[in-house]
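Please open the model in your viewer, with the sequence panel beside it, and follow the stops below in order. Each stop says what to select and then what is found there.

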Amino acid sequence: MAGVRYRHIFLAGPNRTTPFTSPRQGGSAPRIPERDPARHGTYLRQELEIAWREAEERRAVYHAERNGIYLDFLSEPGFDLVIKSLENLRSGIRLLNVRQESIGNAQRTIATVFVPNTKRGYFINKVRAYTEKQKNTPLVNSVSDIRRSILESFWVDKRELLPQADPVWVEVWLSADRDEVIRRFESLLQTEQIERSEGNLKFPERAVLVILATRTQLERIIECSDYIEELRLAKEAASFFIEMDNQDQTERVRDLLGRTRFNIETNVAVTILDTGANNGHALLQPVLSDHDLHTVDPSWGVNDDPDPR
């Protein structure tokens, strides 16, 4: 294996080529409750109208110029939600996030969806076709309730981490990566006097910004933006620890060790293939003994060395 840097990892022996075969599709059928079409269809149409009216009232309160609204679709506890049928990108209807909620001993699925103003009748028409023509039955039967989205609809982190009166650094995931959308959102932050960190991250059809906001400010930007997808607490980057001086790192290690309990009687083992391990480190020493360090070539040694040659 000439030219390979890590000579301790190699593949030997005969080989053969196997063409890729797509795995079998299928699995258990979705769990969907039986419904009375007339009664259930009437209920969902009423809830759609109520949710849309509430969203418009909120928009008027915030004087927000919006191109659509956010809606939550909920499954029956213990049953599935036909999620794929909630999105229609050609119509501008976007599925933003899906999450689980515990109701007693059962799980309920909740999906947050953006619906443009021009498609206000999209889901109403689906429910009407369900009631009158028995169409869209899997989708409509899977939906237990529909409501206007609130701040919790976008918070995908632990509920107790939601900001309250004190501002907290929060990741805002936008449902588009276009510069125009990012600029528009940055303009909204300036209007609301919300601090943000430098730069942003872009993924295909996604962009992430980090802002310092209270609960009230988060509620406001949800009412004023059509591109919120998810919100979560901004985590501290590892670079914070790497850039600390040795004394501060040592104090952090001692603090962590003082709060850590090691179970040396456990039969759990973890194997790591690496260029070596310096088990003299205070955090590794209690769990990684010398006789658990191995190497293919004894001349390389077992300590961490990025180039064992």
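Two strands are taken to pair if DSSP finds at least two bridges between them, and the elements themselves are DSSP runs numbered from the N terminus, helices being H or I runs of at least four residues and strands E runs of at least two. The model is a predicted one, in which local features need pLDDT of at least 70 and side-chain atom pairs count only at pLDDT 80 or more, whereas totals for chains, interfaces and linings use all residues. Residues are numbered from 1 along each chain as its sequence is written, and side-chain values use heavy atoms, with hydrogens and water left out.

**The open sheet**

Begin by selecting β1, residues 68–74, together with β4, since these strands run antiparallel and are joined by four bridges. Within this pairing, Leu71 has Arg148 of β4 as its bridge partner. Then add the remaining strands, and an open sheet of four appears in the order β2-β3-β1-β4, with antiparallel pairing. The edges are held by β2 (94–103) and β4 (145–148), each of which has a single partner strand, so one side of each is left without a neighbour in the sheet. From one strand to the next the twist averages 25°, where axes are lines fitted to C-alpha atoms, for helices over the stretch in contact, and angles run from 0 to 180 degrees between N-to-C directions.

**Salt bridges across the chain**

Next come the charged pairs, where a salt bridge is a side-chain nitrogen of Lys or Arg within 4 Å of a carboxyl oxygen of Asp or Glu; by this rule the count comes to 23. Select Arg31 and Asp80, whose closest N and O atoms are 3.1 Å apart in such a bridge. The pair links distant parts of the chain, with Arg31 in the segment before α1 (37–62) and Asp80 in the loop between β1 and β2, 49 residues apart. For exposure, buried means under 20% relative accessible area, exposed over 50%, and partly exposed in between, with a 1.4 Å probe and protein chains only. Arg31 is partly exposed at 47%, and Asp80 is partly exposed at 22%.

Move on to Asp157 and Lys235, which form a salt bridge with their closest N and O atoms 2.7 Å apart. Asp157 lies in the loop between β4 and β5 (168–174) and Lys235 in the loop between β9 (228–233) and α6 (239–242), so the bridge ties together parts that are 78 residues apart in sequence. Lys235 counts as exposed, at 52% relative accessibility.

Lys202 and Asp179 are the next pair to select, their side chains meeting in a salt bridge at 2.3 Å, N to O. This bridge ties strand β7 (residues 201–203), which holds Lys202, to helix α4 (residues 179–191), which holds Asp179, the parts being 23 residues apart in sequence. Elsewhere, Glu49, Glu56, Arg59 and Arg120 can be selected together, as salt bridges that share partners join them into one network.

**The nonpolar cores**

A nonpolar core is a set of buried Ala, Val, Leu, Ile, Met, Phe, Trp, Tyr and Cys residues joined through side-chain atoms within 4.5 Å. In the largest core, of 31 residues, those touching the most other members are Leu174, Phe185, Ile211, Leu218, Ile228 and Leu231. At least two residues each come from β5, α4, β8 (206–213), α5 (215–224) and β9, and α4 gives the most, with five. Centre the view on Phe185 and, leaving aside residues up to four places away in sequence, its contacts (heavy atoms within 4.5 Å) are Val172, Leu174, Leu209, Ile221, Ser225 and Ile228. A second, separate core of 25 residues includes Leu44, Ala51, Leu95 and Phe123.

**A buried asparagine**

Select Asn279, in the segment after α7 (246–258), where this residue is buried with a relative accessible area of 11%. Its side chain and that of Asp290 are joined by a polar contact of 2.9 Å, a term for a pair of N or O atoms within 3.5 Å of which, within protein, one must be able to donate a hydrogen and the other to accept it, residues adjacent in sequence counting only if both atoms are side-chain atoms.

**Two backbone exceptions**

Most residues other than glycine have a negative phi. Gln193, in the loop between α4 and β6 (195–196), nevertheless has a positive phi of about 55°, and this residue is exposed at 71% relative accessibility. End at Glu205, in the loop between β7 and β8, where phi is again positive at about 65° and the relative accessible area of 53% counts as exposed.
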